[in-house]
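Reader: I'd like to learn how to read a protein structure, one feature at a time. Can you walk me through this one?

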Amino acid sequence: MLLHAVLAFALFETLALAVVLSVWADRVAGARLLVTFLLGVGVWVVGNELPNWVGPQVERLSIALISTAPVVSAVFVHFCVVFCRVPVSRSAVAAAYALGAVSTGLAWVRSPGYLINAPHFGWVAVPTTVGLIASVAWVVLGIAGIAVLLHAFLRAREPDRSQIAAVTASCVWGALCLTGYLMAALQLPMTPWPLFGLPAYLLILVYGILRYRVFVVNAWARRALAWTLLLALGLVVVALLPLLPLPFESRWLGGLAVAAACLALNGPVRRVAERLIFPGGEVSASDLAHWREALQPAETPDELARLASQLIGTRVGLEVSVAIGEPTVSTLSATGDAAPALHCLRGPASWRCELRGWDAAPPGPRQAAEMFGTVLADAAARVEQLAALSARERERQLQARLAELGSLAATVAHDIRNPLNIIAMAVAGTPTETRREVAEQVGRISHLTSDLLDYAKPWKITPTRIDLGARVRALALRWPAVELGPGLDAPLWIVADGRRVDQALTNLLENANASTAVHVFIDADQGSAESPGTVRLHVCDDGPGVPDEIRARLFEPFASRSPGGTGLGLAIVARILAAHGGTAALTARAPWSTCFTLTFPAPSP
């Protein structure tokens, strides 16, 4: 019988949907309760269909399985409370379970019903007085669950409101479908047609929940709806063929007509399915072209993120955060876990966009965000290429300037050393105070010349595997004012040019000494949330600090925080770190007034 085949399919569907929900249990509040409810529905369907599969000799087992309905309804009430996050006390939920358990237990102890062979259906259970009591219990619990859904619906906001509405509608549909068993038990002279809709009830229930939580479910639903519409179209064509004034009847002609209709209307049918499943999510070719054109002016990741946030926010009607590259801790804390965000990340071969915080968004905006992400990934690749070209151009210009500066520095050094020697010899017979002052100024000029030559000349690093902590400890022995932190006790392995690392540390210590600092503190750590996979060295002092007017250009040539400084020491430090693929930065670490952080890439394991 067709009806029992449909009910068998509903049983298979119930088990399949329970497995699907188990896979995505972490996406839906109360998903495990819903899985339990679906399994309970499956047990109830088995109880009703078992006599039709095996025969009336399994009446006792069949009635026992059907009697579990009150407990299943109690699980449904519990799911509604958890899913809707309604503030219902535990005692109320416990009372629901108690009512269901007592009703089921009473039905198991006493005879709750018997089987009859109903026309147009087959074997069906008819309740006794005890069975009616159990039936009233599960009906009351079902109404309580729907009442919880309606209560939450009236107070919810989108998209939760739409999700609760979908679940409520599916429950009402399910209640209408179950009236088919009532029609069979009353032995009405008609087929219990509402039972044909039972598979749709279970599918609508689960889809209504997962629609706003698992995006791939909507893609499946779109394909299923498109095939269903095409199948319905084929049936309509088959039904209309006999009405046409054809001189002959041919199955080949009918098949050809169905195939032609499906091929001709395949595109429109799929577009209809797309609009039904993804309302507001249609993205046309003109939309993609507009997005590409609007993102074209962006030349930096920050500018691209700002433009992208405006575009996608305007499209979906939400405030969307966009991050290009790995998001920092500040970015994550600003957006929060629930705020929708697009994170464009650099993969091994290309850029890709991830949607974060979109689990509760309607499918339409999510579909638009997915499509926008592909455009944003292309724009991020373009910005990356621009940045690489700009970096190469800057490096070329820097090398050209350094070559000119090196040539000038060599000439100046050669021309200035002879006059300096003559000056030093000329004051040999002058008073001691005069000789000391001249020697100090000559030393400053010589030091400036050496720094200028070192900064301007082309040089290469020779990286080897070194223990940064050991080099710092060895260097600190020559500086009595230096205090070492606990981060330097263990080995800190990096791949670097040891001589250049020593030069950078010496420049920082000389910089602290020139600023009249009394204490210098050096510590280290292995990376942080902002810069994972790095080794950081912190050189701090209690000097007067860095004036605000030179903070922005502190690592540029001839910027110095000390009145007698050459302004090249920190520029050389920055160049050394850049040559190692690291950075030098002015940071803040209490209680020190000045702190420089050198960041080295950690060696590969």
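Author: Below we go through the overall make-up, the cores, some strands, a helix and the salt bridges. Keep in mind that this is a predicted model.

Reader: Let's start broad. How many helices and strands are there in the protein?

Author: You'll find 18 helices and twelve strands. Of the 605 residues, 44% are buried. The exposed surface comes to about 31,900 Å², and 64% of it is supplied by carbon and sulfur atoms. Among contacts with a separation of 6 or more, 66% are between residues 24 or more positions apart.

Reader: Which residues have the most contacts inside the largest nonpolar core?

Author: The general idea first: in soluble globular proteins, nonpolar side chains tend to be buried together. Here, the largest nonpolar core has 57 residues, and those with the most contacts inside it are Phe37, Phe83, Phe121, Leu149, Leu205 and Ile209. Take Leu205 as a sample: leaving aside residues up to four places away in sequence, it touches Leu34, Phe37, Val167, Ser170 and Cys171. There's also a second, separate core of 35 residues, with Val501, Ala524, Leu577 and Leu598 among its members.

Reader: On to strands. Why is strand β9 called largely enclosed by the rest of the structure?

Author: Count its buried residues. In β9, residues 520–525, five of the six are buried, so the rest of the structure largely encloses the strand. Then look at its partners. Strand β7 (residues 482–484) runs parallel to β9, joined by three bridges, and Glu483 has Phe521 of β9 as its bridge partner. Strand β10 (residues 534–541) runs antiparallel to β9, with six bridges between them. Phe521 turns up again here, standing opposite Cys540 in β10.

Reader: And side chains along a strand, where do they go?

Author: In a regular strand the side chains alternate between the two faces of the sheet. That's a handy rule to have in mind as you look at another strand, β4.

Reader: How many residues of strand β4 are buried?

Author: Five of the six in β4 (residues 341–346), so this strand is largely enclosed by the rest of the structure. It pairs in the parallel sense with strand β3 (residues 321–324) over four bridges, where Ile324 stands opposite Cys344 in β4. It also pairs in the antiparallel sense with strand β5 (residues 351–356) over six bridges. A hairpin of four residues joins β4 to β5, and across that pairing His343 stands opposite Glu354.

Reader: How do I read a helix, say α12? What should its 16 residues span?

Author: At 1.5 Å a residue, helix α12 (residues 301–316) should span 22 Å, and its end C-alpha atoms are 22 Å apart, which agrees. Its buried residues are worth finding too, including Leu304, Leu307, Ala308 and Leu311.

Reader: How many salt bridges does a search of the whole structure find?

Author: The idea is that side chains of opposite charge can pair when their charged atoms come close. The search finds seven. Start with Arg352 and Glu354, whose closest N and O atoms are 3.1 Å apart. Arg352 is partly exposed at 38% relative accessibility, and Glu354 is partly exposed as well, at 25%. These two and Arg356 are linked in a network of salt bridges.

Reader: What about Glu393 and Arg396, how are they placed in helix α14?

Author: They sit three residues apart in α14 (residues 363–426), so about one helical turn separates them. Their side chains meet in a salt bridge, 2.6 Å from N to O. Glu393 is partly exposed at 34% relative accessibility. Another salt bridge joins Arg551 and Asp548 at 3.4 Å, N to O; Arg551 is partly exposed at 41%, while Asp548 is exposed at 65%.

Reader: One last residue: where is the place of Trp493, and what does it touch?

Author: Trp493 is in strand β8 (residues 493–496) and counts as partly exposed, at 39% relative accessibility. Not counting residues up to four places away in sequence, Trp493 touches Arg465, Ile466, Asp467, Val535 and Pro603. Val535 makes a nice example of how sequence and space differ: Trp493 and Val535 are 42 residues apart in sequence and 8.4 Å apart in space, C-alpha to C-alpha.

Conventions. Residues numbered from 1 in each chain as written. Predicted model: local features only at pLDDT ≥ 70, side-chain atom pairs only at ≥ 80, totals over all residues. Heavy atoms only, no water. Core = buried A, V, L, I, M, F, W, Y, C linked by side-chain atoms within 4.5 Å. Buried < 20%, exposed > 50% of the residue type's maximum accessible area, 1.4 Å probe, protein only. Contact = heavy atoms within 4.5 Å. Helix = DSSP H or I, 4+ residues; strand = E, 2+ residues; numbered from the N terminus. Pairing = 2+ DSSP bridges. Areas by Shrake-Rupley, 256 points an atom, 1.4 Å probe, with all protein chains shown as cover. Expected span 1.5 Å × (residues − 1). Salt bridge = Lys/Arg side-chain N within 4 Å of Asp/Glu carboxyl O.
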